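Take a look at the chain below. This report walks through its overall build and then some of its residues.

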Amino acid sequence: MTAKISYSDVEVGTELPAQTFPVTRATLVRYAGASGDFNPIHWNEKFAREVGLPDVIAHGMFTMAEAIRVVTDWAGDPGAVVEYGVRFTKPVVVPNDEQGAVIEVGGKVAAKLDDNTVRVDLTVTSAGQKVLGMSRAVVRLA
């Protein structure tokens with residue numbers, strides 16, 4: 001696969017389509033099984049509170065993975081992402097109800113680089129709080 005977006009069609013400031021990702025306790029249990037990360041802060045409310053958290057929280061790597069989907073969906077090829085990094089700023093708190101939490105992600109082309117690559121800056125929030133900071137991806141376009 002190759003990116004479906006052409007480098008020549010993109011300008012600094014181009015906005016990627018925003019997306020929202022629901023997260024429930026069931027989502028976290030499935031992710032724990034797939035990742036092998038069974039830390040109780042991700043499924044045990046009593047334990048999470050005992051260690052000072054407000055409630056069960058989503059896995060940081062899960063949050064990071066959901067956020068990059070905005071970029072991979074836009075580019076049309078997950079392999080187009082050549083670099084990706086974030087800082088974890090706040091946890092995604094996932095209450096034990098039917099709604100759970102929502103991760104909201106938006107992105108914007110922040111720079112056109114060499115070799116048909118662009119830097120995309122992501123804004124990632126949950127419950128009105130920024131949960132990932134310095135969330136940036138370098139993407140190779142067609």
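## Contacts along the chain

Start with contacts between residues at a separation of 6 or more in the protein chain. Residues 24 or more positions apart account for 67% of these contacts. Keep in mind that this is a predicted model.

The chain has 142 residues, and 41% of them count as buried. About 7600 Å² of the protein chain is exposed. Carbon and sulfur atoms supply 53% of that area. Along the principal axes, the C-alpha atoms fill a box of roughly 50 × 30 × 25 Å.

## Helices and strands

How many helices and strands does the protein chain have? It has three helices and five strands. Their order along the sequence is β-α-α-α-β-β-β-β.

One stretch carries a label from a record. UniProt, in an unreviewed entry, places the feature "domain: MaoC-like" at residues 14–123. This span is 30% helix and 33% strand. Its end C-alpha atoms lie 14 Å apart.

## An aromatic pair

The model holds one aromatic pair. Its members are Tyr 31 and Phe 62, with ring centres 5.3 Å apart. Why is the pair called edge-to-face? The ring planes stand at 70°, and an angle over 60 degrees counts as edge-to-face.

Now place the two rings. Tyr 31 lies in helix α1, residues 25–35. Phe 62 lies in helix α3, residues 60–75. The pair therefore ties together parts that are 31 residues apart in sequence.

Are these two residues buried or exposed? Tyr 31 is partly exposed, with a relative accessible area of 22%. Phe 62 is buried, with a relative accessible area of 7%. The cut-off for buried is under 20%, so Phe 62 falls below it and Tyr 31 does not.

## Thr 72 in helix α3

Helix α3 also holds Thr 72. This threonine counts as buried, at 14% relative accessibility. A polar atom of its side chain lies 3.3 Å from the backbone oxygen of Arg 69.

Which residues does Thr 72 touch, leaving out those up to four places away in sequence? They are Asp 77, Pro 78 and Val 81.

## Thr 117 and its surroundings

A second threonine, Thr 117, is found in strand β4, residues 117–126. Thr 117 is buried, with a relative accessible area of 6%. Its side chain has a polar atom 2.6 Å from the backbone oxygen of Asp 114.

Leave out residues up to four places away in sequence, and Thr 117 touches Tyr 7, Lys 112, Val 138, Val 139 and Arg 140. Two of these names, Tyr 7 and Lys 112, also come up together. Lys 112 lies over the face of Tyr 7, at 4.3 Å from the ring centre.

## Two positive phi angles

Asn 116 sits in the loop between β3 (101–112) and β4. Its phi is near 60°, a positive value in a residue other than glycine. Asn 116 is partly exposed, with a relative accessible area of 34%.

Ala 127 is found in the loop between β4 and β5 (129–140). Ala 127 is not a glycine either, yet its phi is positive, at about 55°. Is Ala 127 buried or exposed? Ala 127 counts as exposed, at 77% relative accessibility.

## Loops between the helices

Next, look at the loops that join the helices. Gly 36 lies in the loop between α1 and α2. At 51% relative accessibility, Gly 36 counts as exposed, because the cut-off for exposed is over 50%. Gly 36 and Ala 65 are 29 residues apart in sequence. In space, their C-alpha atoms are 15 Å apart.

Val 51 is in the loop between α2 (45–50) and α3. Val 51 is partly exposed, with a relative accessible area of 49%. How far from Val 51 is Glu 11, 40 residues away along the chain? The C-alpha atoms of Val 51 and Glu 11 are separated by 46 Å.

Terms used
Residues are numbered from 1 along each chain as its sequence is written. This is a predicted model: local features need pLDDT of at least 70, side-chain atom pairs count only at pLDDT 80 or more; totals for chains, interfaces and linings use all residues. Side-chain values use heavy atoms; hydrogens and water are left out. UniProt positions are given in the numbering used here, feature names are shortened, and annotations may be inferred rather than shown by experiment. Helices (H or I, at least four residues) and strands (E, at least two) are DSSP runs, numbered from the N terminus. Rings of Phe, Tyr and Trp (its six-membered ring) pair if their centres lie within 6.5 Å; planes under 30 degrees apart count as stacked, over 60 as edge-to-face and the rest as tilted. Buried means under 20% relative accessible area, exposed over 50%, partly exposed in between (1.4 Å probe, protein chains only). A charge sits over a ring if NZ of Lys or CZ of Arg is within 6 Å of the ring centre and within 35 degrees of the ring normal. A polar contact is a pair of N or O atoms within 3.5 Å; within protein, one must be able to donate a hydrogen and the other to accept it, and residues adjacent in sequence count only if both atoms are side-chain atoms. Contact means heavy atoms within 4.5 Å. Accessible areas come from the Shrake-Rupley method with a 1.4 Å probe; for residues, only the protein chains shown count as cover.
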